[in-house]
Number of protein chains: 2
Amino acid sequence: MPNLTLEVCLSPALFDYHKNEDAIVVVVDILRATSSICNAFANGVDTIIPVESSEMARQMKEKGYTVAAERNGYKLDFADFGNSPFNFSKENVEGKTIVYSTTNGTRTIHLAASCFQVVIGSFINNKALSNYLIAQQKPVIILCAGWKNKFNIEDSVYAGCLAESLLDSGLYSSNCDSAIATLDMWKQWKNNLRELIDKCAQRYRLQEKGLDDCIDFCLKLDQTDIVPIFKNDVIISHLKQ
Amino acid sequence: MPNLTLEVCLSPALFDYHKNEDAIVVVVDILRATSSICNAFANGVDTIIPVESSEMARQMKEKGYTVAAERNGYKLDFADFGNSPFNFSKENVEGKTIVYSTTNGTRTIHLAASCFQVVIGSFINNKALSNYLIAQQKPVIILCAGWKNKFNIEDSVYAGCLAESLLDSGLYSSNCDSAIATLDMWKQWKNNLRELIDKCAQRYRLQEKGLDDCIDFCLKLDQTDIVPIFKNDVIISHLKQ
């Protein structure tokens, strides 16, 4: 049986210390970017183009693309819609290419681009993702997008959730303290996830802006079988790679 | 009642995102630098001079100082002793000035130097430290030294321990996810701390080198009433500031 390493990186600012060019990097931004991306694929989006700067997103809008873009939770004025997973409905995304730019998530996707592969993780595609990873037989780094380079709870507890599936497969081992701590957090809270999320800073940020209606959706396991993959600067379904 | 902010910073590489010039920064490196520093003061050391580079430590040795210095757990060849708290015995340190250089801890102390004050935290001076902090009525940042900029469990769980005392005082509040998560970790493990530590990477690093004899000592609450303070490039007892 292979003995693959599993690491959890708690912030983009720590990625250099975990980096491994041979690894598949799972980018996690539960509230809300990676949950929204997974929901877009569940609803039939063709391609998502993640762009880091809001200026780039504006230029793409001028070129005729459909653009989803937010900063600090708020939809940017020129965008077609913001960052709620509910915006990525069948009606809005099916068969389309969407340009996407968010506060933390899209920047984090680009950060990992030099590794073997970058995939998108969330509670809503967890089972499909863990099965996909196990089939690849590669080292895995779970990269939490955090909040402006700070640690956050919602991404970390999902890291623990995915870590549990991978470690339970028997293919992976970890001597990474972040993996051990997030696995503990997941085991402590998995039957009461909403209570944990109700303590975290992003929950209050979303609530203040009236954007917290999507939280229960973002915590719901296994709503889609698709693993979005970042390849050649765009995100596509693993079924089309 | 004042409402002072409490933040926990999980790695020196994240300090810029938590930094607050008005805060007292508590540097934590449980295995072993800050436990050793606290034990040195318990045993009557006069002054500790933390130096970042091993070259600087060597130069201080040539000038006639007593030097404690390690890298990756191992005592440096020119040093009088290494980084075990047991080295900082009454016989070795009483009344002396000690030059001290370690893998993570001493670098982290210098990192925080531009803030209002830097103090040294560990389980062994926890009660004295929390009383001292509460008396200062300043914002607090608990800064975990980690391991080569990665998150570690032992510093984080102590951050949760200190956070509990400060939050229970009613003077502090926190909307920092790292504070919430480390407090949870402490509450989950405080009656079984050794079991948690036995899962962490630094425990194995020390064990491989035969340096794990000090772990129980480093986890023992309230062995000294002294709060070491970093001031004008040296560490002194709070009683002498």
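The exercises below concern a predicted model of two chains, A and B.

Residues are numbered from 1 along each chain as its sequence is written, and chains are lettered from A in the order in which they are written. Local features need pLDDT of at least 70, side-chain atom pairs count only at pLDDT 80 or more, and totals for chains, interfaces and linings use all residues.

**Exercise 1. State the confidence of the model.**

Step 1. pLDDT is the predictor's confidence in each residue, from 0 to 100. The mean for chain A is 96, and 99% of its residues reach 70 or more.
Step 2. For the complex, the predictor gives an ipTM of 0.95 and a pTM of 0.96.

**Exercise 2. Place strand β6 of chain A among its partners.**

Step 1. Strands are DSSP runs of E with at least two residues, and helices are runs of H or I with at least four, numbered from the N terminus. Two strands pair if DSSP finds at least two bridges between them.
Step 2. Strand β3 (residues 47–50) of chain A runs parallel to β6(A), with 4 bridges; Thr47(A) has Thr97(A) as its bridge partner.
Step 3. Strand β4 (residues 66–71) of chain A is also parallel to β6(A), through 4 bridges. Here Ala69(A) is partnered by Ser101(A).
Step 4. A residue is buried if 20 or more other C-beta atoms, placed from the backbone, lie within 10 Å of its own, exposed if 12 or fewer, and partly exposed in between. In β6(A) (residues 97–101), 4 of 5 residues are buried.
Step 5. Along β3(A), Ile48(A) and Pro50(A) point to one face and are buried, whereas Thr47(A) and Ile49(A) point to the other and are not.

**Exercise 3. Describe the side of chain B that touches chain A.**

Step 1. Residues are in contact if their C-beta atoms, placed from the backbone, lie within 7 Å. The contact takes 23 residues from chain B and 23 from chain A.
Step 2. On chain B, α7 (153–168), α8 (177–189) and α10 (201–208) each supply at least two residues. The most come from α8(B), with 6 residues.
Step 3. By class, this side of chain B has 12 nonpolar (Ala, Val, Leu, Ile, Met, Phe, Trp, Tyr, Cys and Pro), 7 polar (the others, Gly among them) and 4 charged residues (Asp, Glu, Lys and Arg).
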